Amino acid sequence: MEAATMRLRPGTPVLMRSDGSVQCGTDPRWSVVLDGLTPVEGSWLRDLTERRHVSPGQSAARRGVTPHRRDLILGVLARAGMLVAPSAEHGAGPGAATADARALGVLRPDGAGLATLAGRAAATVAITGLGRIGSVIALLLAAAGVGRLALVDPRPVQTADTGLGALTEQDVGQARDEALARVVAGRSPAVEVLTDGDPEPDLAVVVESRATLPARFARLMSAGIPHLPIVVREADVVVGPLVRPGHSTCVGCLDAVRADQDGDWHLIGAQLRRGPEQPQEAALSALAAATAAGQVLAQLDGHRPTAVGSCLEISLPECLPRVRRVDPHPRCGCITLTP
Ligand SMILES: [Zn+2]
């Protein structure tokens with residue numbers, strides 16, 4: 001597309017620097033500084049952010065920027081990924097979805113954040129284990145525009161499940177999945193919520209206590225369904241690895257690595273998997289849920305999440321995620337193709 005008819009990427013700040021140069025964007029991944037501009041050319045670039053219905057070509061002509069300089073500057077902006085087609089803004093209007101679309105559009109070459117949201121709206125995520133972490137993940141995914149949530153956890157709401165997220169004392173004693181389904185339906189009416197499972201979600205999140213049980217993931221592995229295990233331990237939470245079956249480190253690989261490191265792992269693991277659900281501390285749960293939701297959305301949006309091939313370990317007291325790489329284990333035999 002002709003650069004002069006394109007638009008500056010939505011949401012890109014254009015900032016005037018003291019030496020007359022102009023900075024477009026603030027994110028170190030893509031921001032660019034143009035120097036050697038005349039004051040007229042600088043004000044033209046500002047104009048592009050404020051009068052979005054006018055094309056850069058029209059605006060340049062009105063401001064008196066010469067065609068040669070216009071094309072030179074637009075060429076730099078185009079190579080920096082700062083220009084998108086006007087259609088990237090179609091459908092924009094007030095509302096939370098538009099605000100999200102603008103931020104998400106910055107990540108796309110075409111700037112079409114609404115297309116990212118459309119992809120999410122067509123997706124189904126299953127969440128098993130609806131304590132504090134699972135329920136906050138459900139709320140985050142619903143708010144982020146995921147179209148369908150399959151909530152799985154018929155255990156009763158405990159007092160410890162409340163205080164973070166949506167469940168309250170009034171929900172105590174009711175089935176977690178049904179109580180949470182009512183909250184999600186009230187807050188995000190566009191989201192379809194299932195409490196009887198979904199055999200083929202686009203991704204499954206499974207929250208467990210103390211240690212994963214690889215056999216629990218066998219069906220997801222054989223069905224080729226990407227899944228994200230989350231393990232709650234005494235004072236930390238492990239998010240990941242996000243498993244792309246046959247293509248990346250799986251839960252069985254993780255178990256095999258542990259067995260290599262600890263000859264008694266088969267005894268230890270079996271004991272850890274028994275017993276009551278691990279308590280989910282508030283700040284730790286909030287960070288773990290947000291981290292997990294980010295990984296899920298990155299997967300749905302077509303990115304490669306950091307948790308593919310890695311565990312994200314989040315520990316009290318600071319709750320800063322630490323990335324620990326875990327390679328596929330040759331004894332597991334789950335990898336059929338190069339990851
Ligand atoms: Zn494996």
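A residue is called buried when its relative accessible area is under 20%, and exposed when that area is over 50%. The exercises below apply this cut-off and others to a predicted model.

**Exercise 1. Work out whether strand E10 is enclosed or open, and which residues lie on each of its faces.**

Solution. Begin with the extent of the strand: E10 covers residues 227-232, and 6 of its 6 residues are buried, so the strand is largely enclosed by the rest of the structure. Next, divide the strand by face: His227, Pro229 and Val231 lie on one side, whereas Leu228, Ile230 and Val232 lie on the other, and since all of them are buried, both faces of E10 are covered.

**Exercise 2. Determine which strands pair with E10, and in which sense, parallel or antiparallel.**

Solution. Take E9 to begin with: this strand pairs with E10 in the parallel sense over 6 bridges, and within the pairing alanine 204 stands opposite histidine 227 of E10. The connection between these two strands involves helix H8, and E9, H8 and E10 together make a right-handed β-α-β unit. Then turn to E11, which runs antiparallel to E10 and is joined to it by 3 bridges; here isoleucine 230 stands opposite valine 239 in E11. The link from E10 to E11 is a hairpin through 3 residues.

**Exercise 3. Identify which atoms coordinate the zinc ion, and derive the geometry of the site.**

Solution. List the donors: the zinc ion is coordinated by the SG atoms of Cys250, Cys253, Cys332 and Cys334, at 2.2 to 2.3 Å. Then examine the angles: four donors count as tetrahedral if all angles lie between 85 and 135 degrees, and because the angles among the 4 donor atoms here are 98 to 118°, the site is tetrahedral. Now place the donors along the chain, where their spacing reads C-x2-C-x78-C-x1-C. As a last step, consider accessibility: cysteine 250 and cysteine 253 are both buried.

**Exercise 4. Locate the cis peptide bonds that precede proline 241 and proline 317, and the loops that hold these prolines.**

Solution. Most peptide bonds are trans. The bond from glycine 240 to proline 241, however, is cis, with omega near 5°, and proline 241 sits in the loop between strand E11 (236-239) and helix H9 (251-261). A cis bond also joins leucine 316 to proline 317, with omega about 10°, and proline 317 belongs to the loop between strand E12 (310-315) and strand E13 (322-325).

**Exercise 5. For arginine 210 and cysteine 319, state the sign of phi and decide whether each residue is buried or exposed.**

Solution. Most residues other than glycine have a negative phi. Arginine 210, though not a glycine, has a positive phi of about 70°; this residue is found in the loop between strand E9 (203-209) and helix H8 (218-223), and its relative accessibility of 17% means that it counts as buried. Cysteine 319, likewise not a glycine, has a positive phi of about 60°; it lies in the loop between E12 and E13, and at 4% relative accessibility it too counts as buried.

**Exercise 6. Establish how the chain is divided into domains, and where the annotated fold of UniProt falls.**

Solution. The chain is divided into domain 1 (3-84) and domain 2 (122-325), and their centres, taken over C-alpha atoms, are separated by 44 Å. An unreviewed UniProt entry lists residues 122-193 as "domain: THIF-type NAD/FAD binding fold". In the model this span is 33% helix and 17% strand, and its end C-alpha atoms lie 13 Å apart.

Key. Residues numbered from 1 in each chain as written. Predicted model: local features only at pLDDT ≥ 70, side-chain atom pairs only at ≥ 80, totals over all residues. Heavy atoms only, no water. Domains from an automatic or database assignment. UniProt positions renumbered as here; feature names shortened; annotations may be inferred. Helix = DSSP H or I, 4+ residues; strand = E, 2+ residues; numbered from the N terminus. Buried < 20%, exposed > 50% of the residue type's maximum accessible area, 1.4 Å probe, protein only. Donors = N, O, S within 2.8 Å, 3.2 Å for Na, K, Ca; no water. Tetrahedral: all angles 85-135°; square planar, octahedral: opposite > 155°, others 65-115°. Pairing = 2+ DSSP bridges. Right-handed = clockwise from strand over helix to strand, strands pointing away.
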